[in-house]
Amino acid sequence: MTKKAKCYLCDKELEKNEVGLSKKLLGRNITRYYCISCLADYLDISVDDLLSKIEEFKEQGCRLFS
Ligand SMILES: [Zn+2]
């Protein structure tokens, strides 16, 4: 059974892309995941920047994103 990952800070259930983004930006072995808005806060960048990063990673064919 797979438990859905939740945001470490706000407890929101995470989309696949949010999990992927946490892994991609914070490292594959992390145990804490962040939703996109908490991640933006944490990294001190905008949500829009993160969304365009997701698009970039998708274009590179990264399988963490859908
Ligand atoms: Zn959050």
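## A three-helix model, starting from C38

C38 sits in helix 2. What you have on screen is a predicted model, so take every value below as computed from that prediction.

Let's stay with C38 for a moment. Is this cysteine buried, exposed or something in between? It counts as partly exposed, because 17 C-beta neighbours fall inside 10 Å, and a residue needs 20 or more to be called buried. Setting aside residues within four places in sequence, C38 is in contact with C7, L9 and C10. Compare that with L25, which is 13 residues from C38 along the chain; the C-alpha atoms of C38 and L25 are separated by 13 Å.

Now the overall picture. The protein has three helices and zero strands, and from the N terminus on the order is simply α-α-α. The radius of gyration is 11 Å, close to the 11 Å from the globule rule for 66 residues, so the protein is as compact as a globular protein of that length. If you want a box to put around the C-alpha trace, the spans along the principal axes are about 30 × 30 × 20 Å. Of the 66 residues, 20% are buried. As for links along the chain, take the contacts with a separation of 6 or more: 42% of them join residues 24 or more positions apart.

**How helix 1 meets the other two**

Helix 1 covers residues 16-26, helix 2 covers residues 36-43 and helix 3 covers residues 47-59. Two packed helices are described by the angle between their axes and the distance between the axes. Here are both values for the two pairs that involve helix 1:

| Helix pair | Axes come within | Crossing angle |
|---|---|---|
| Helix 1 and helix 2 | 10 Å | roughly 20° |
| Helix 1 and helix 3 | 11 Å | roughly 85° |

Take the pair of helix 1 and helix 2, whose axes cross at roughly 20°. Angles under 35 degrees count as roughly parallel, so helix 1 and helix 2 are roughly parallel to each other. On the helix 1 side, the contact is made by E18, L21, S22 and L25, and helix 2 brings I36, L39 and L43. Sorted by class, that contact has five nonpolar, one polar and one charged residues.

The pair of helix 1 and helix 3 crosses at roughly 85°. Angles of 65 to 115 degrees count as roughly perpendicular, and helix 1 and helix 3 are therefore roughly perpendicular to each other. N17, L21 and K24 of helix 1 make this contact with L50, K53, I54 and F57 of helix 3. By class, it has four nonpolar, one polar and two charged residues. L21 turns up in the contact with helix 2 and again in the contact with helix 3.

**What is buried**

Which residues of helix 1 are buried? They are E18, V19, G20, L21 and S22, and what covers the buried residues of helix 1 includes helix 2 and helix 3. The largest nonpolar core has ten residues in all: C7, L14, V19, L21, Y33, Y34, C35, L39, I54 and F65. F65, one of that set, is in contact with N17, G20, I54, F57 and K58 once neighbours within four places in sequence are left aside.

A40 is another residue of helix 2. With 18 C-beta neighbours inside 10 Å, A40 counts as partly exposed. Not counting residues up to four places away in sequence, A40 touches I45, S46, V47 and L50. A40 and C62 are 22 residues apart in sequence, with 20 Å between their C-alpha atoms.

**Backbone spots to look at**

Which residues have a positive phi without being glycine? D11 is one of them, with phi of about 70°, and D44 is another, with phi near 60°. D11 is found in the segment before helix 1, while D44 is in the loop between helix 2 and helix 3. Both have few enough neighbours to fall under the cut-off of 12 or fewer for exposed residues: D11 counts as exposed because it has 8 C-beta neighbours inside 10 Å, and D44 counts as exposed because it has 6. Helix 1 is followed by a glycine, G27, whose phi is positive and near 115°.

Technical notes. Residues numbered from 1 in each chain as written. Predicted model: local features only at pLDDT ≥ 70, side-chain atom pairs only at ≥ 80, totals over all residues. Axes fitted to C-alpha atoms, helices over the stretch in contact; angles between N-to-C directions. Helix = DSSP H or I, 4+ residues; strand = E, 2+ residues; numbered from the N terminus. Parallel < 35°, antiparallel > 145°, perpendicular 65-115°, else oblique. Contact = placed C-beta atoms within 7 Å. Nonpolar A, V, L, I, M, F, W, Y, C, P; charged D, E, K, R; others polar. Core = buried A, V, L, I, M, F, W, Y, C linked by C-beta atoms within 7 Å. Rg over C-alpha atoms; globule rule 2.2 N^0.38 Å.
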